[in-house]
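Reader: I would like a close look at one part of this model, the nonpolar core. Please walk me through it, then add what surrounds the topic.

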Amino acid sequence: MLSNENSLANEVRSRKTSMIIAFERLAGFWNGQHSWQTTKLVFQSNVYTSGLSAHECFKWTDAETQKLDSCWIRLARRAMAGKASKRCKRVDNEGHEVYNNVETMTNEQVAKYWGLCPYEIEGRCKRVNWYKRWSMYPKDHQQIIGAFFGNFSWELVPQIIHGRPLKHRIHGYSSCVQT
């Protein structure tokens with residue numbers, strides 16, 4: 001859904017909301033004792049994919065994908081329940097504790113921990129698979145292929161030849177002349 005400034009701001013907002021709702025719907029699950037494989041599968045199938053559905057249909061800007069990525073990474077940190085950070089004690093030469101420090105994982109480390117990639121990369125993969133399905137099953141994708149290339153399979157006379165559109169004669173002639 002495009003907003004009045006021709007951006008996908010409303011779409012980004014809706015996707016972020018759906019990710020948060022999917023995460024909060026399973027609020028009791030994240031604090032439970034489950035295997036890592038189960039937790040990862042539940043996060044990926046409920047939270048990550050809710051922001052990714054029909055992602056290949058849009059042309060996202062870098063800022064928009066970064067907003068979506070920051071949302072699912074923030075939720076992934078919450079699902080990690082404290083495993084994204086650790087306390088470090090610094091000790092001086094005499095053995096005295098100097099300060100307590102908290103080291104947190106970077107966003108890239110969190111994504112690698114979960115085995116998930118940023119939405120920009122995932123969107124590219126989905127788009128390539130989408131194009132692949134067009135070529136594998138052209139009869140199922142006749143309209144979109146015709147919209148892309150200008151010739152529909154049900155047209156008796158091609159509308160585009162050598163990259164130039166044809167001009168139909170108005171007075172009922174069946175032939176076409178090239179403009």
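Author: What follows covers the core, then one loop residue, then the cysteines. Keep in mind that this is a predicted model.

Start with the core. The largest nonpolar core has 28 residues. Six of them have the most contacts inside it: M19, W30, F43, V47, W72 and W114. Which elements give two or more residues to this core? They are α1 (9-25), α2 (27-30), α3, α4 and α5 (107-114). The most comes from α4, which gives seven residues.

Now pick out W30. Leave aside residues up to four places away in sequence. W30 then touches F23, T39, V42, F43, V47 and A79. Two of these partners, F43 and V47, are also listed with W30 for the most contacts inside the core.

Next, the loop. A54 lies between α3 (36-48) and α4 (62-79). Its phi is near 55°, a positive value in a residue other than glycine. Most residues other than glycine have a negative phi. Is A54 buried or exposed? A54 counts as partly exposed, because its relative accessibility is 39%.

Last, the cysteines. How many disulfides does a search of the whole structure find? It finds zero. Take C117. The closest cysteine sulfur to its own is in C125, 6.0 Å away, so the two are too far apart for a bond. A disulfide needs the sulfur atoms within 2.5 Å. C117 counts as partly exposed, at 22% relative accessibility. C57 also counts as partly exposed, at 47%.

How values were computed
Residues are numbered from 1 along each chain as its sequence is written. This is a predicted model: local features need pLDDT of at least 70, side-chain atom pairs count only at pLDDT 80 or more; totals for chains, interfaces and linings use all residues. Side-chain values use heavy atoms; hydrogens and water are left out. Buried means under 20% relative accessible area, exposed over 50%, partly exposed in between (1.4 Å probe, protein chains only). Helices (H or I, at least four residues) and strands (E, at least two) are DSSP runs, numbered from the N terminus. A nonpolar core is a set of buried Ala, Val, Leu, Ile, Met, Phe, Trp, Tyr and Cys residues joined through side-chain atoms within 4.5 Å. Contact means heavy atoms within 4.5 Å.
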